Amino acid sequence: MKITAAVSRNPKSHAPSLEELELEAPRAGEMRIRLVATGICHTDLHEHPGRHAPHPIVLGHEGAGVVEELGEGVSGFAIGDHVILSGNSCGECPSCLANRPTYCDLAMPLCFGGQRLDGSTSLDGGKVHSHFFGQSSFATQCLVPQRTAVKMDRDLPLEKLGPLGCGVVTGAGAVIEALQVGFGDTIAIFGVGGVGLSAVMAAKLVGAKRIVAIDLNNERLELARELGATDCIAADEEGVVEKIRAVTGRGVRFTFNTTTAPEVHTWALEALAMNGTAGFVAAPRGDWAPKMFAMLAGGRQLRGILGGDANPGLFLPQLAEYWRQGRFPFDRLLTFYPFAEIDRAFADAESGKAIKPVLLIGDTE
(Lines give C-alpha, C1' and ligand atoms only; values in the text may rest on other atoms or scores of the structure.)
Protein backbone atom coordinates (compact mmCIF):
# COMPACT_ATOMS: atom_id res chain seq x y z
CA MET A 1 0.00 0.00 0.00
CA LYS A 2 1.05 3.62 -0.54
CA ILE A 3 2.04 5.63 2.52
CA THR A 4 3.61 8.99 3.27
CA ALA A 5 6.83 8.81 5.26
CA ALA A 6 9.64 11.12 6.34
CA VAL A 7 12.83 9.71 4.82
CA SER A 8 16.35 10.48 5.98
CA ARG A 9 18.48 10.39 2.83
CA ASN A 10 20.75 13.41 2.82
CA PRO A 11 23.01 13.70 5.91
CA LYS A 12 23.50 17.38 5.18
CA SER A 13 19.78 18.18 5.27
CA HIS A 14 18.24 19.61 8.40
CA ALA A 15 15.34 17.16 8.61
CA PRO A 16 13.82 14.16 6.83
CA SER A 17 11.74 14.86 3.72
CA LEU A 18 8.20 13.60 3.10
CA GLU A 19 7.93 11.02 0.32
CA GLU A 20 5.39 8.53 -0.98
CA LEU A 21 6.58 4.97 -0.40
CA GLU A 22 5.22 1.47 -0.86
CA LEU A 23 4.64 -0.45 2.40
CA GLU A 24 4.42 -4.22 2.15
CA ALA A 25 1.85 -6.33 4.03
CA PRO A 26 2.68 -7.48 7.56
CA ARG A 27 4.59 -10.71 7.85
CA ALA A 28 4.11 -13.37 10.52
CA GLY A 29 4.25 -11.80 13.98
CA GLU A 30 3.81 -8.24 12.67
CA MET A 31 0.98 -5.72 12.73
CA ARG A 32 0.23 -2.75 10.48
CA ILE A 33 -0.33 0.40 12.51
CA ARG A 34 -2.02 3.59 11.33
CA LEU A 35 -0.10 6.32 13.09
CA VAL A 36 -1.98 9.05 14.94
CA ALA A 37 1.03 10.82 16.44
CA THR A 38 4.76 10.35 16.91
CA GLY A 39 7.13 12.10 19.28
CA ILE A 40 10.54 13.33 18.18
CA CYS A 41 13.43 12.20 20.38
CA HIS A 42 17.05 13.36 20.32
CA THR A 43 17.94 9.88 19.09
CA ASP A 44 16.02 10.74 15.90
CA LEU A 45 17.98 13.98 15.58
CA HIS A 46 21.28 12.13 15.98
CA GLU A 47 20.36 9.35 13.55
CA HIS A 48 19.05 11.63 10.78
CA PRO A 49 22.57 12.48 9.55
CA GLY A 50 23.63 8.86 10.06
CA ARG A 51 25.31 7.68 13.25
CA HIS A 52 24.39 4.03 13.68
CA ALA A 53 21.41 3.22 11.46
CA PRO A 54 21.84 2.67 7.69
CA HIS A 55 20.39 5.14 5.17
CA PRO A 56 18.05 5.91 3.53
CA ILE A 57 15.75 5.18 6.44
CA VAL A 58 12.43 6.17 7.99
CA LEU A 59 13.13 7.06 11.60
CA GLY A 60 10.66 7.64 14.43
CA HIS A 61 10.36 5.58 17.61
CA GLU A 62 7.70 7.20 19.78
CA GLY A 63 4.65 6.22 17.79
CA ALA A 64 1.02 5.97 18.87
CA GLY A 65 -1.65 4.59 16.57
CA VAL A 66 -4.40 2.15 15.73
CA VAL A 67 -4.03 -1.50 14.70
CA GLU A 68 -5.16 -1.85 11.07
CA GLU A 69 -4.00 -5.33 10.06
CA LEU A 70 -2.68 -8.44 11.82
CA GLY A 71 -0.03 -10.74 10.46
CA GLU A 72 -0.14 -14.49 10.91
CA GLY A 73 0.33 -15.65 14.49
CA VAL A 74 -0.28 -12.31 16.23
CA SER A 75 -2.18 -12.77 19.48
CA GLY A 76 -3.52 -10.43 22.14
CA PHE A 77 -4.36 -7.66 19.67
CA ALA A 78 -7.36 -6.91 17.49
CA ILE A 79 -8.02 -4.53 14.61
CA GLY A 80 -9.00 -1.17 16.06
CA ASP A 81 -6.88 -1.48 19.21
CA HIS A 82 -5.10 1.68 20.33
CA VAL A 83 -1.39 1.12 20.92
CA ILE A 84 1.81 2.85 21.96
CA LEU A 85 4.98 1.75 20.17
CA SER A 86 8.21 1.26 22.07
CA GLY A 87 11.58 -0.38 21.37
CA ASN A 88 11.92 -3.83 19.84
CA SER A 89 13.35 -6.86 21.65
CA CYS A 90 13.73 -10.58 21.01
CA GLY A 91 11.65 -11.89 23.92
CA GLU A 92 13.94 -14.88 24.41
CA CYS A 93 17.26 -13.74 25.88
CA PRO A 94 17.90 -13.64 29.66
CA SER A 95 17.21 -9.89 29.85
CA CYS A 96 13.88 -10.19 28.06
CA LEU A 97 12.85 -13.14 30.21
CA ALA A 98 13.69 -11.06 33.30
CA ASN A 99 11.34 -8.25 32.14
CA ARG A 100 14.27 -6.01 31.15
CA PRO A 101 13.74 -5.83 27.36
CA THR A 102 15.76 -2.60 26.99
CA TYR A 103 18.85 -4.75 27.68
CA CYS A 104 17.93 -7.35 25.06
CA ASP A 105 20.94 -9.18 23.63
CA LEU A 106 19.74 -8.16 20.14
CA ALA A 107 18.81 -4.58 21.00
CA MET A 108 21.27 -2.97 18.59
CA PRO A 109 20.33 -4.88 15.42
CA LEU A 110 16.62 -4.82 16.30
CA CYS A 111 16.50 -1.08 17.05
CA PHE A 112 19.27 0.44 14.92
CA GLY A 113 19.70 -2.15 12.16
CA GLY A 114 17.12 -0.57 9.85
CA GLN A 115 15.79 -3.99 8.86
CA ARG A 116 14.40 -7.26 10.14
CA LEU A 117 16.88 -9.79 11.47
CA ASP A 118 16.66 -11.66 8.16
CA GLY A 119 17.96 -8.53 6.38
CA SER A 120 14.65 -7.52 4.76
CA THR A 121 12.91 -4.16 4.99
CA SER A 122 9.26 -3.26 4.53
CA LEU A 123 9.58 -0.12 2.40
CA ASP A 124 9.84 0.32 -1.37
CA GLY A 125 10.85 -3.26 -1.99
CA GLY A 126 13.88 -2.97 0.27
CA LYS A 127 15.17 0.31 -1.17
CA VAL A 128 14.42 2.21 2.07
CA HIS A 129 15.34 0.96 5.53
CA SER A 130 12.57 0.36 8.03
CA HIS A 131 11.91 -1.12 11.50
CA PHE A 132 13.84 1.62 13.34
CA PHE A 133 13.30 0.59 16.98
CA GLY A 134 10.86 -1.92 15.53
CA GLN A 135 8.59 0.79 14.14
CA SER A 136 9.87 3.62 11.85
CA SER A 137 6.91 5.71 12.93
CA PHE A 138 7.66 8.90 10.96
CA ALA A 139 4.99 7.66 8.57
CA THR A 140 1.26 7.43 8.07
CA GLN A 141 1.49 3.62 8.44
CA CYS A 142 4.18 1.25 9.69
CA LEU A 143 4.77 -2.43 10.39
CA VAL A 144 5.71 -3.44 13.92
CA PRO A 145 6.57 -6.73 15.63
CA GLN A 146 4.00 -7.65 18.22
CA ARG A 147 6.47 -7.04 21.08
CA THR A 148 6.88 -3.42 20.01
CA ALA A 149 3.25 -2.51 20.68
CA VAL A 150 1.53 -1.87 24.02
CA LYS A 151 -2.28 -1.83 24.07
CA MET A 152 -3.86 1.22 25.75
CA ASP A 153 -7.38 2.08 26.88
CA ARG A 154 -9.40 3.65 24.07
CA ASP A 155 -10.56 6.58 26.21
CA LEU A 156 -7.01 7.89 26.60
CA PRO A 157 -5.90 10.70 24.21
CA LEU A 158 -3.82 8.71 21.76
CA GLU A 159 -2.18 11.82 20.25
CA LYS A 160 -0.52 12.52 23.60
CA LEU A 161 0.68 9.02 24.37
CA GLY A 162 3.53 8.46 21.90
CA PRO A 163 6.33 10.02 23.98
CA LEU A 164 5.55 7.61 26.79
CA GLY A 165 7.27 4.92 24.73
CA CYS A 166 10.79 6.38 24.90
CA GLY A 167 11.57 9.80 26.37
CA VAL A 168 9.04 9.75 29.19
CA VAL A 169 9.57 6.12 30.15
CA THR A 170 13.33 6.69 30.21
CA GLY A 171 13.08 9.45 32.80
CA ALA A 172 10.25 8.02 34.86
CA GLY A 173 11.55 4.47 34.66
CA ALA A 174 15.02 5.55 35.74
CA VAL A 175 13.60 6.98 38.96
CA ILE A 176 11.00 4.31 39.73
CA GLU A 177 12.46 1.12 38.24
CA ALA A 178 16.23 1.52 37.89
CA LEU A 179 17.21 3.70 40.85
CA GLN A 180 14.12 2.79 42.88
CA VAL A 181 13.92 6.21 44.48
CA GLY A 182 11.57 6.00 47.45
CA PHE A 183 9.64 8.11 49.91
CA GLY A 184 11.90 10.57 51.71
CA ASP A 185 14.85 10.07 49.34
CA THR A 186 16.90 12.87 47.78
CA ILE A 187 17.83 13.19 44.10
CA ALA A 188 19.55 15.72 41.83
CA ILE A 189 18.52 15.71 38.17
CA PHE A 190 20.95 17.18 35.63
CA GLY A 191 19.26 18.47 32.47
CA VAL A 192 15.51 19.04 32.58
CA GLY A 193 14.43 18.39 29.03
CA GLY A 194 11.81 15.75 28.30
CA VAL A 195 13.72 12.94 30.03
CA GLY A 196 14.80 15.03 33.02
CA LEU A 197 11.36 16.53 33.59
CA SER A 198 9.83 13.06 33.44
CA ALA A 199 12.29 12.11 36.18
CA VAL A 200 11.24 15.14 38.22
CA MET A 201 7.56 14.15 37.99
CA ALA A 202 8.38 10.55 38.89
CA ALA A 203 10.45 11.61 41.90
CA LYS A 204 7.52 13.69 43.14
CA LEU A 205 5.18 10.78 42.47
CA VAL A 206 7.14 8.41 44.71
CA GLY A 207 7.48 10.98 47.50
CA ALA A 208 11.13 12.07 47.26
CA LYS A 209 11.87 14.62 49.96
CA ARG A 210 14.25 16.83 47.97
CA ILE A 211 14.32 17.00 44.18
CA VAL A 212 17.10 19.24 42.85
CA ALA A 213 16.89 20.32 39.19
CA ILE A 214 20.00 21.62 37.38
CA ASP A 215 19.90 23.19 33.92
CA LEU A 216 21.14 26.18 31.90
CA ASN A 217 17.61 27.14 30.83
CA ASN A 218 15.78 29.21 33.44
CA GLU A 219 12.37 28.62 31.86
CA ARG A 220 12.85 24.88 32.10
CA LEU A 221 13.98 25.23 35.71
CA GLU A 222 10.78 27.11 36.46
CA LEU A 223 8.75 24.35 34.82
CA ALA A 224 10.71 21.78 36.83
CA ARG A 225 9.69 23.62 40.00
CA GLU A 226 6.05 23.59 38.92
CA LEU A 227 6.26 19.84 38.26
CA GLY A 228 7.80 18.96 41.59
CA ALA A 229 11.41 20.14 41.96
CA THR A 230 12.04 21.44 45.46
CA ASP A 231 15.29 23.19 44.52
CA CYS A 232 16.55 24.63 41.23
CA ILE A 233 20.15 25.50 40.38
CA ALA A 234 21.44 27.20 37.23
CA ALA A 235 24.21 25.07 35.72
CA ASP A 236 26.33 28.12 34.92
CA GLU A 237 26.47 29.28 38.54
CA GLU A 238 29.63 28.92 40.60
CA GLY A 239 29.80 25.99 42.98
CA VAL A 240 27.01 23.82 41.59
CA VAL A 241 28.16 20.73 43.49
CA GLU A 242 28.48 22.63 46.76
CA LYS A 243 24.97 24.02 46.34
CA ILE A 244 23.54 20.56 45.72
CA ARG A 245 25.32 19.11 48.73
CA ALA A 246 24.12 22.03 50.87
CA VAL A 247 20.49 21.07 50.20
CA THR A 248 20.86 18.08 52.53
CA GLY A 249 24.13 18.92 54.27
CA ARG A 250 25.78 15.72 53.03
CA GLY A 251 24.87 15.31 49.37
CA VAL A 252 22.00 13.48 47.72
CA ARG A 253 21.31 9.75 47.67
CA PHE A 254 20.75 9.71 43.91
CA THR A 255 21.73 11.74 40.88
CA PHE A 256 20.29 11.34 37.40
CA ASN A 257 22.23 12.78 34.48
CA THR A 258 20.66 13.28 31.04
CA THR A 259 23.63 15.17 29.53
CA THR A 260 26.83 14.17 27.73
CA ALA A 261 28.99 16.91 29.27
CA PRO A 262 32.00 15.34 31.08
CA GLU A 263 31.97 18.00 33.80
CA VAL A 264 28.33 17.26 34.55
CA HIS A 265 29.11 13.56 34.94
CA THR A 266 31.78 14.61 37.44
CA TRP A 267 29.28 16.79 39.31
CA ALA A 268 26.80 13.92 39.38
CA LEU A 269 29.30 11.79 41.30
CA GLU A 270 30.65 14.53 43.54
CA ALA A 271 27.15 15.62 44.62
CA LEU A 272 26.37 12.15 46.00
CA ALA A 273 26.28 11.33 49.67
CA MET A 274 28.28 8.31 50.82
CA ASN A 275 27.04 5.11 49.15
CA GLY A 276 24.95 7.16 46.73
CA THR A 277 24.13 6.12 43.17
CA ALA A 278 24.62 8.16 40.00
CA GLY A 279 22.34 7.14 37.15
CA PHE A 280 22.99 8.28 33.59
CA VAL A 281 21.36 7.78 30.21
CA ALA A 282 24.03 9.21 27.89
CA ALA A 283 27.76 8.54 27.86
CA PRO A 284 30.09 11.47 28.56
CA ARG A 285 32.21 12.92 25.81
CA GLY A 286 35.98 12.48 25.98
CA ASP A 287 38.26 10.65 28.40
CA TRP A 288 36.57 10.47 31.79
CA ALA A 289 38.49 7.66 33.47
CA PRO A 290 40.37 9.82 36.07
CA LYS A 291 37.04 10.92 37.52
CA MET A 292 36.26 7.37 38.64
CA PHE A 293 38.21 7.97 41.86
CA ALA A 294 35.14 9.68 43.29
CA MET A 295 33.36 6.35 43.05
CA LEU A 296 36.08 4.45 44.87
CA ALA A 297 36.61 6.99 47.65
CA GLY A 298 32.96 7.33 48.57
CA GLY A 299 31.63 3.85 47.94
CA ARG A 300 29.52 5.43 45.23
CA GLN A 301 27.93 3.64 42.30
CA LEU A 302 27.61 4.58 38.64
CA ARG A 303 24.53 3.13 36.97
CA GLY A 304 23.90 3.16 33.24
CA ILE A 305 20.19 3.16 32.41
CA LEU A 306 18.50 2.27 29.12
CA GLY A 307 14.81 2.90 28.62
CA GLY A 308 14.34 3.46 32.32
CA ASP A 309 14.95 -0.26 33.02
CA ALA A 310 11.22 -0.61 32.42
CA ASN A 311 9.19 -3.28 30.67
CA PRO A 312 6.99 -1.11 28.40
CA GLY A 313 4.10 -3.57 28.42
CA LEU A 314 3.81 -3.27 32.19
CA PHE A 315 5.08 0.25 32.89
CA LEU A 316 3.46 2.36 30.16
CA PRO A 317 -0.15 1.58 31.11
CA GLN A 318 0.76 2.49 34.69
CA LEU A 319 2.18 5.85 33.61
CA ALA A 320 -0.99 6.50 31.61
CA GLU A 321 -3.05 5.71 34.70
CA TYR A 322 -0.96 8.11 36.79
CA TRP A 323 -1.67 10.75 34.13
CA ARG A 324 -5.40 9.98 34.30
CA GLN A 325 -5.23 10.50 38.08
CA GLY A 326 -3.52 13.88 37.63
CA ARG A 327 -0.35 12.66 39.29
CA PHE A 328 1.95 12.58 36.24
CA PRO A 329 1.19 15.54 33.92
CA PHE A 330 3.62 14.62 31.16
CA ASP A 331 1.39 16.34 28.58
CA ARG A 332 2.73 19.67 29.83
CA LEU A 333 5.99 18.83 28.03
CA LEU A 334 4.38 18.39 24.61
CA THR A 335 4.27 20.75 21.61
CA PHE A 336 2.26 19.58 18.60
CA TYR A 337 3.14 19.99 14.91
CA PRO A 338 1.41 18.88 11.72
CA PHE A 339 3.30 16.02 10.06
CA ALA A 340 3.98 18.28 7.07
CA GLU A 341 5.98 20.60 9.38
CA ILE A 342 8.48 17.99 10.48
CA ASP A 343 11.31 20.32 9.50
CA ARG A 344 10.08 22.96 11.97
CA ALA A 345 9.61 20.32 14.65
CA PHE A 346 13.18 19.08 14.13
CA ALA A 347 14.50 22.64 14.35
CA ASP A 348 12.59 23.34 17.57
CA ALA A 349 13.81 20.07 19.09
CA GLU A 350 17.41 20.88 18.15
CA SER A 351 17.27 24.43 19.52
CA GLY A 352 15.41 23.45 22.68
CA LYS A 353 12.44 25.65 21.85
CA ALA A 354 10.21 22.59 22.24
CA ILE A 355 10.80 20.17 25.11
CA LYS A 356 9.00 17.29 23.41
CA PRO A 357 7.77 17.88 19.84
CA VAL A 358 4.95 15.58 18.72
CA LEU A 359 3.97 15.14 15.07
CA LEU A 360 0.23 14.88 14.45
CA ILE A 361 -0.13 12.36 11.62
CA GLY A 362 -3.70 11.09 11.48
CA ASP A 363 -7.07 10.91 13.21
CA THR A 364 -7.79 8.57 16.09
CA GLU A 365 -10.82 7.04 14.36
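Student: What makes E350 and S351 count as exposed in helix α12?

Tutor: Exposed requires over 50% relative accessible area. E350 and S351 meet that label in this predicted model. They sit on the face of α12 turned away from its buried side.

Student: Which residues of α12 are buried?

Tutor: In helix α12 (residues 342-351), they are I342, A345, F346, D348 and A349.

Student: How do you know that the buried residues of α12 line one face?

Tutor: Look down the axis of α12. The buried residues fall within an arc of 165°, so they line one face of the helix.

Student: What covers the buried residues of α12?

Tutor: The cover includes β1, α1 (42-47), β15 (334-338) and β16 (356-360). Just after α12, G352 has a positive phi of about 90°.

Student: β1 is part of that cover. What makes strand β1 mostly covered?

Tutor: Strand β1 spans residues 2-8, and five of its seven residues are buried.

Student: Why is β1 said to pair with β2 and with β4?

Tutor: Pairing takes at least two bridges, and β1 has six to strand β2 (residues 17-22), so that pair qualifies. Strand β4 (residues 57-58) shares two bridges with β1, so this pair qualifies as well. Both pairings are antiparallel. K2 has E22 in β2 as its bridge partner. V7 has V58 in β4.

Student: How do you know that the length of α11 agrees with its residue count?

Tutor: Helix α11 (residues 312-324) has 13 residues. At 1.5 Å a residue, they should span 18 Å, and the end C-alpha atoms are 18 Å apart, so the two agree.

Student: Which residues of α11 are buried, and what makes them line one face?

Tutor: They are P312, F315, L316, L319, A320 and Y322. Down the axis of α11 they fall within an arc of 155°, so they line one face of the helix. Their cover includes β6 (82-85), β8 (149-152), α5 and α6.

Student: What is found at the start of α11, and what follows the helix?

Tutor: At the start, a side-chain oxygen of N311 comes within 3.1 Å of the backbone nitrogen of G313. G326 follows α11, with a positive phi near 80°.

Student: Why is D185 called buried?

Tutor: Its relative accessibility is 10%. The cut-off is under 20%, so D185 counts as buried. D185 lies in the loop between α5 (167-178) and β9 (186-190).

Student: What makes the link between D185 and R253 a polar contact?

Tutor: The limit is 3.5 Å, and the side chains of D185 and R253 are joined at 3.0 Å, so the distance fits. A polar atom of the D185 side chain also lies 2.7 Å from the backbone nitrogen of G182. Beyond four places in sequence, D185 contacts Q180, A208, K209, R210, R253 and F254.

Student: Why are β11 and β14 called edge strands?

Tutor: The open sheet has six strands in the order β11-β10-β9-β12-β13-β14, with parallel pairing. β11 (231-234) and β14 (301-304) each pair on one side only. The twist averages 20° from one strand to the next.

Student: How many bridges join β13 to β14?

Tutor: Four bridges join strand β13 (residues 272-280) to β14. A278 stands opposite L302 in β14.

Student: Which strands does helix α6 lie across?

Tutor: Helix α6 (residues 194-205) lies across β9, β10 (210-215) and β12 (252-257), at about 165° to β9. Helix α7 (residues 218-227) touches β10 and β11, at about 170° to β11.

Methods: Residues are numbered from 1 along each chain as its sequence is written. This is a predicted model: local features need pLDDT of at least 70, side-chain atom pairs count only at pLDDT 80 or more; totals for chains, interfaces and linings use all residues. Side-chain values use heavy atoms; hydrogens and water are left out. Buried means under 20% relative accessible area, exposed over 50%, partly exposed in between (1.4 Å probe, protein chains only). A polar contact is a pair of N or O atoms within 3.5 Å; within protein, one must be able to donate a hydrogen and the other to accept it, and residues adjacent in sequence count only if both atoms are side-chain atoms. Contact means heavy atoms within 4.5 Å. Axes are lines fitted to C-alpha atoms, for helices over the stretch in contact, and angles run from 0 to 180 degrees between N-to-C directions. The expected span of a helix is 1.5 Å times one less than its number of residues. The arc is that of the directions from the helix axis to the C-beta atoms.
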